[in-house]
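Trainee: Got a minute? I'd like to walk through this model with you.
Mentor: Sure, pull it up.

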Amino acid sequence: MNEKKTNKQLVSYITLAVSLLVIVLLEYKFFANVMFNGVLIGDEGDARLNNLLVEHWFRAFGGKEKFSIVNIFYPITNTLAYTDMLLALAIPYSILRMFGMNMFLANKIVLIGFHIFGSYSLFYLLKKKFKLNNLWSLFGVIVFSYSSAYYVRIGHTQLITISLVPLLIIFMFCFFENFQNKVKRIVYGLLTITLYVLIMYTSWYTAFFTALFMATFIVIYVCVASSNKNKVFSNVWMYIKKCYKEIIAYVVYAICIAIPFFKMYIQVSRMYGKRSYSEIATMLPELIDFFNVGDNNLLIGRFIKALGLSSRTYLNQGEMSVGFSLLTMGLLVAAFFYVRKKYLKEKYKALETEGSYTVQSKMVLVSIIYAVLVSFILLVQSKEISFWYLVYRFVPGGSAIRAAVRYNYYLVMPVAIVIANFGQMLQNRIKKEKVNLIFGIVMPLCAAALVWVSNYNTQGVYAHWNMESENKFIEAVSAPPDDCEVMYIVDSKYEDRKYAFHSYQLMAWEVSYKYNLKNMNGYSGQFPKEWELDNVWEKDIHTKAAEWIKLNKIDKKVYYYDVATNVWTKAN
């Protein structure tokens, strides 16, 4: 008996070491096209914007800028709330910058580090909280961290905040596991609230999707538990009566640390109003998009391209390639029928013999599956008709979510949890110990390899800008006159312009940081209503700049920088 136990422990140690090593290797492979070179994650649009936003935080931590005022659209205030705040990314970024690291390299290291953290956090969640063995936990990590959607959506670097969600769920598990221990319960309650608010301060999409999925899950779980004769409502009521002061403290704490967030965002929301549903409908997936893994998918990329999905001009095609691989979706469907059948069989037997069904792990898993299914139904559209309209119309903050299709990317995580649990359940059916041991090694490794291949993107992670060109541009910019305090950018050779409008705006931001100037240009999720400095190549750009200066009563010395000639000229 001791020998069998020793062998089991040895296998467990070996598979743990293998799993941790495999994650390291897969992380390297996932980031291979940006590793050890100057290529940067994302592109010269949103990713560059986010890099400059975390640079803002570094400067704010150093007292060079106000936290709430990003150096764009001068002299407009509260500009931090014009887009995602990126606080969680800014903290490690600022530490690296404090030690003198280049701003672009520091940002890339933070993004890669966040992804690695998310992978190992999910592994821990599956192994310790869902009680899966090492290899099925590894399988779950592969389904999520190296999914086709992640290859693409990492280009919007703020969305890598999803890497904090496994840790959030771990804290929630710990809260309930330590429910009878008041001190630990309170600690994990506060940690859960703190981390969620930090996610809000980093990426509103991630925070909103987390809240939406959790709310969906809770409603479904309550229905499932009630149908099993669990005393859900009575238990909750008992907790409220016994610990109402603790609950009030949680609410007060959450409100206090979230006040700056809501104060800034509500002000911006009132200024610019909510987005139109017709705009949001251009970023809702059709049924085919749940399988749309993009043209660069190793297995079916050519088939996806042949379908001509990019010809759908009524949809924003840049957002649609966040589908599931055929194998992942197939496993999800199989998991749905198998887990549901097993759950119902156990449920009815328990209700008949014991009067209630109390296996929490099964109820949680079934609730996750149903929540995923409901989420799919919410998202899918046909000719702009979608249940997402209910989210847009009635869920607080829903009208601010423009790219709703990104919820599909978020759902890869609960899908990974479901499929990994499904695999463990299949293995547990095998009663013979030796067969179970072999099956428990071969099956998850083979399944993991197949899922990884089915999601593999031949182009690597989305990466379409580089450090060399950014540094070269910044270094080449001539110094402004000594009395220059405020700047805007122009391109006098507009017929030969090389850049899109947002590139010029972000270039101006970089120049303003180099020479510590106020910046009238800007690029963000929102734009001031009277601001018209977007097309810097237009002949009337100086007239528009003069109107902006007059409107905002700018009395500082303003110069414009000409990209074409590398010359500064006084504007007022």
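**Walking through the model**

Mentor: Start at Phe 61, which lies in helix α2, residues 46–61. Keep in mind that this is a predicted model.

Trainee: Okay. Is Phe 61 buried, exposed or partly exposed?

Mentor: Phe 61 is partly exposed, because its relative accessible area is 42%, and the partly exposed class sits between 20% and 50%.

Trainee: Which residues join Phe 61 in the nonpolar surface patch?

Mentor: Its partners there are Phe 67, Ile 91, Ile 95, Met 98 and Phe 99. The patch covers about 660 Å².

Trainee: And which helix gives the most to the patch?

Mentor: Helix α3, residues 87–98. It supplies three residues.

Trainee: What sits in the loop between α2 and α3?

Mentor: Pro 75, for one. A cis peptide bond links Tyr 74 to Pro 75, with omega about 10°. Phe 73 is in that loop too, and so is Leu 86.

Trainee: What is the phi of Phe 73?

Mentor: Positive, about 55°, although Phe 73 is not a glycine. Leu 86 also isn't a glycine, and its phi is positive at about 65°.

Trainee: Are those two buried or exposed?

Mentor: Phe 73 is buried, with a relative accessible area of 0%. Leu 86 is buried, with a value of 0%. The cut-off for buried is under 20%.

Trainee: New topic. What is the strand order in the open sheet of four strands?

Mentor: The order reads β6-β5-β7-β8, and the pairing is mixed.

Trainee: Why do β6 and β8 each have one side without a neighbour?

Mentor: They stand at the edges, β6 at 518–519 and β8 at 567–570. Each has a single partner strand, so one side of each is left without a neighbour in the sheet.

Trainee: What holds paired strands together, anyway?

Mentor: Strands of a sheet pair through backbone hydrogen bonds, in either a parallel or an antiparallel way.

Trainee: Are β5 and β7 parallel or antiparallel?

Mentor: Parallel, over five bridges. β5 spans residues 486–490 and β7 spans residues 558–562. To see one bridge, find Val 490, whose partner in β7 is Asp 562.

Trainee: Which helices pack on the sheet?

Mentor: Helix α21, residues 501–515, packs on it and touches β5, β6 and β8. The direction of α21 makes about 145° with that of β5. Helix α22, residues 541–551, packs on the sheet as well, touching β5 and β7. For α22, the angle with the direction of β5 is about 155°.

Trainee: Back to β7. How many of its residues are buried?

Mentor: Five of its five, so β7 is mostly covered.

Trainee: Which way do the residues of β7 point?

Mentor: Val 558, Tyr 560 and Asp 562 point one way. Tyr 559 and Tyr 561 point the other way.

Trainee: What about β7 and β8: parallel or antiparallel?

Mentor: Antiparallel, with four bridges joining them. Tyr 560 has Thr 569 as its bridge partner in β8. Tyr 561 stands opposite Trp 568 in β8.

Trainee: How many residues lie between the strands in the hairpin of β7 and β8?

Mentor: Four. In that hairpin, Asn 566 takes a positive phi near 60°.

Trainee: Last one. Where is Tyr 239?

Mentor: In helix α10, residues 232–242. Tyr 239 is buried, with a relative accessible area of 15%.

Trainee: What is Tyr 239 in contact with, leaving aside neighbours within four places in sequence?

Mentor: Phe 175, Phe 179, Arg 185, Tyr 244, Glu 246, Ile 247 and Tyr 250.

Trainee: And how many Å separate the C-alpha atoms of Tyr 239 and Leu 21?

Mentor: They are separated by 43 Å. Along the chain, the two residues are 218 residues apart.

Methods: Residues numbered from 1 in each chain as written. Predicted model: local features only at pLDDT ≥ 70, side-chain atom pairs only at ≥ 80, totals over all residues. Heavy atoms only, no water. Pairing = 2+ DSSP bridges. Helix = DSSP H or I, 4+ residues; strand = E, 2+ residues; numbered from the N terminus. Contact = heavy atoms within 4.5 Å. Axes fitted to C-alpha atoms, helices over the stretch in contact; angles between N-to-C directions. Patch = residues over 30% accessible without salt bridge, like charges linked within 9 Å, V, L, I, M, F, W, Y side chains within 5 Å. Areas by Shrake-Rupley, 256 points an atom, 1.4 Å probe, with all protein chains shown as cover. Salt bridge = Lys/Arg side-chain N within 4 Å of Asp/Glu carboxyl O. Buried < 20%, exposed > 50% of the residue type's maximum accessible area, 1.4 Å probe, protein only.
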